[in-house]
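Colleague: I have a chain open and would like to go through it with you. Could you begin with one helix and work outwards from there?

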Amino acid sequence: MNNGKKYSVIGVMSGTSLDGLDIIKCSFIFKKDWKYRIHKCKTVKYSKKWFQTLSTLHQKNQKKIDQISIAYGNFIAKEINEFISKDELVDIICSHGHTIFHQPEKNITLQIGDGKTIADKTGISTINNFRNLDIKLKGQGAPLVPIGDMKLFKEHKYCLNLGGFANLSIKNKTKIKAFDICPANIILNFLANKCGVEFDINGDIGRQGKVNNYLLDCLNEIKYYQINGPKSLSREWLEKNILNIDILTEIKPEDSLATFYEHIGFQIGSKLKNKSVFITGGGAFNSFLIEKISKHSLANIVLGSDDEINFKEALIFGFLGVLKLRSEINCLSEVTGAINDSCCGEIHKYLKDMN
């Protein structure tokens, strides 16, 4: 079991809201329980070219997607090489990559950022493709962070991440339930762009808008919210179920924003009882969003530190990689709906490591 062994890890994450590439250097050690430490971290903001490339790649053919996956792997490797000095000890790079397709009902998921390219360019063995095996086992391939919520943040009943989509882990002794709740920053940023800004700082634009009750009813009646058990969301789902709602193009974007804040707050708050909820992800900095969640819940809200808010998902993908190295379960079938638990991820050994 290698209990007491310390693992030095680089975790890499790119979320659906395209805020940037999150890179974290962290370490993990197991002594009765898992402990982690964040050593340093940074977010690399995407250039206009990379933002455009990643946001439209799903429209390209397979050959182009494969080319961009290698180019994106080179980009990730370059940023990691600038992030760490040559004499820093790193056991493994764990890269989530950037999701281009996620359609579990069709057994499809794709996160680009070629792992072999990252390993070759950094000289550090790399683990990626964390979702594929669970999809092959008939699971959703998501969410994957609950194993980290359970083992690294066990003091909280709920772990809520407010990223592109809001996802929640609910812990009950040795069991855990987790799922994507609703779109969050991916739609808030989309509407903020229509107001001429990159994102709605503190929800200030949303505060000025007026809730449209018809749109709110349309949103809350979406069938996804009635599904019990394993479920996950994606860009494709957003385009099909939300962006084609006619009234979105008929009302002012600030009113749409106000309505989505109410919708998100209700959908999240209705899942939280009077226990502790640990909140991370970029949405944790949005005070209006937090107010809306509080409005609809009696839970005790605990915000993570700035590093935890910004880098918790990158941290946990680093942890998934450590479990992969140890050949331990890192993907829970009770969460994803797969036919069994699994040890997900593909290891790309740096050639020097193999000699």
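Modeller: Certainly. Please note that this is a predicted model. I would begin with H6, whose buried residues pack against S8, strand S9 (165-172), strand S10 (175-183), helix H9 (235-241), helix H10 (253-269) and helix H11 (287-295).

Colleague: How many of the residues of H6 are buried?

Modeller: Helix H6 covers residues 185-194, and seven of its 10 residues are buried, so the helix is largely enclosed by the rest of the structure.

Colleague: Which ones are they in H6?

Modeller: The buried residues of H6 are Asn185, Ile186, Ile187, Leu188, Asn189, Leu191 and Ala192.

Colleague: And what follows H6?

Modeller: Glycine 196 follows H6, and its phi is positive, near 90°.

Colleague: You listed S8 among the packing partners of H6. Which strand is S8 joined to, and by how many bridges?

Modeller: Strand S8 (residues 158-162) is joined to S11 by four bridges, and the two run parallel. Within that pairing, cysteine 159 is opposite phenylalanine 278 of S11.

Colleague: What about S12, in which sense does it pair with S11?

Modeller: Strand S12 (residues 300-303) pairs with S11 in the parallel sense, over four bridges. There, valine 277 has isoleucine 301 of S12 as its bridge partner.

Colleague: Is S11 buried or exposed?

Modeller: Buried: five of the five residues of S11 (residues 276-280) are, so the strand is largely enclosed by the rest of the structure. Both of its faces are covered, with Ser276, Phe278 and Thr280 buried on one side and Val277 and Ile279 buried on the other.

Colleague: Let us change topic to the hairpin. How many bridges are there between S2 and S3?

Modeller: Strand S2 (residues 21-31) and strand S3 (residues 33-44) pair over 11 bridges, in the antiparallel sense. One example is serine 27, which stands opposite arginine 37 in S3.

Colleague: What sits between the two strands of that hairpin?

Modeller: One residue lies between the strands of the hairpin, and lysine 32 there takes a positive phi near 70°.

Colleague: I would also like to check the backbone of leucine 18. Where is it, and what is its phi?

Modeller: Leucine 18 lies in the loop between strand S1 (6-14) and S2. Its phi is near 60°, a positive value in a residue other than glycine.

Colleague: Is leucine 18 buried or exposed?

Modeller: Leucine 18 is buried, with a relative accessible area of 11%.

Colleague: And lysine 138, buried or exposed?

Modeller: Lysine 138 is exposed, its relative accessible area being 58%. This residue is in the loop between H4 and H5, and it has a positive phi of about 70° although it is not a glycine.

Colleague: Which residues does the cis peptide bond join?

Modeller: The cis peptide bond joins alanine 142 and proline 143, with omega about -10°. Proline 143 is in the loop between helix H4 (132-136) and helix H5 (146-152).

Colleague: There is also lysine 231 to consider. Where does it lie, and how accessible is it?

Modeller: Lysine 231 is in the loop between helix H8 (213-220) and H9. It is buried, with a relative accessible area of 7%.

Colleague: What is lysine 231 in contact with?

Modeller: If neighbours within four places in sequence are left aside, lysine 231 is in contact with Gln140, Phe179, Asp180, Tyr224 and Tyr225. Its C-alpha is also 9.2 Å from that of glycine 139, although the two are 92 residues apart in sequence.

Colleague: Finally, the whole chain. How many helices and strands does it have?

Modeller: The chain has 14 helices and 13 strands. Its radius of gyration is 20 Å, close to the 20 Å that the globule rule gives for 355 residues, so the chain is as compact as a globular protein of that length. Along the principal axes, its C-alpha atoms fill a box of roughly 65 × 45 × 35 Å.

Colleague: What share of the residues is buried, and what does the surface consist of?

Modeller: Buried residues account for 58% of the 355 residues. The chain exposes about 16200 Å², of which carbon and sulfur atoms supply 50%.

Colleague: And how are the charges placed?

Modeller: The chain has 48 positive and 38 negative charges, and the mean positions of the two sets are 5 Å apart.

Key:
Residues are numbered from 1 along each chain as its sequence is written. This is a predicted model: local features need pLDDT of at least 70, side-chain atom pairs count only at pLDDT 80 or more; totals for chains, interfaces and linings use all residues. Side-chain values use heavy atoms; hydrogens and water are left out. The radius of gyration is taken over C-alpha atoms; the globule rule is 2.2 Å times the number of residues to the power 0.38. Buried means under 20% relative accessible area, exposed over 50%, partly exposed in between (1.4 Å probe, protein chains only). Accessible areas come from the Shrake-Rupley method with a 1.4 Å probe; for residues, only the protein chains shown count as cover. Lys and Arg count as positive and Asp and Glu as negative; His and the chain ends are not counted. The place of a charge is taken as NZ of Lys, CZ of Arg, CG of Asp or CD of Glu. Two strands pair if DSSP finds at least two bridges between them. Contact means heavy atoms within 4.5 Å.
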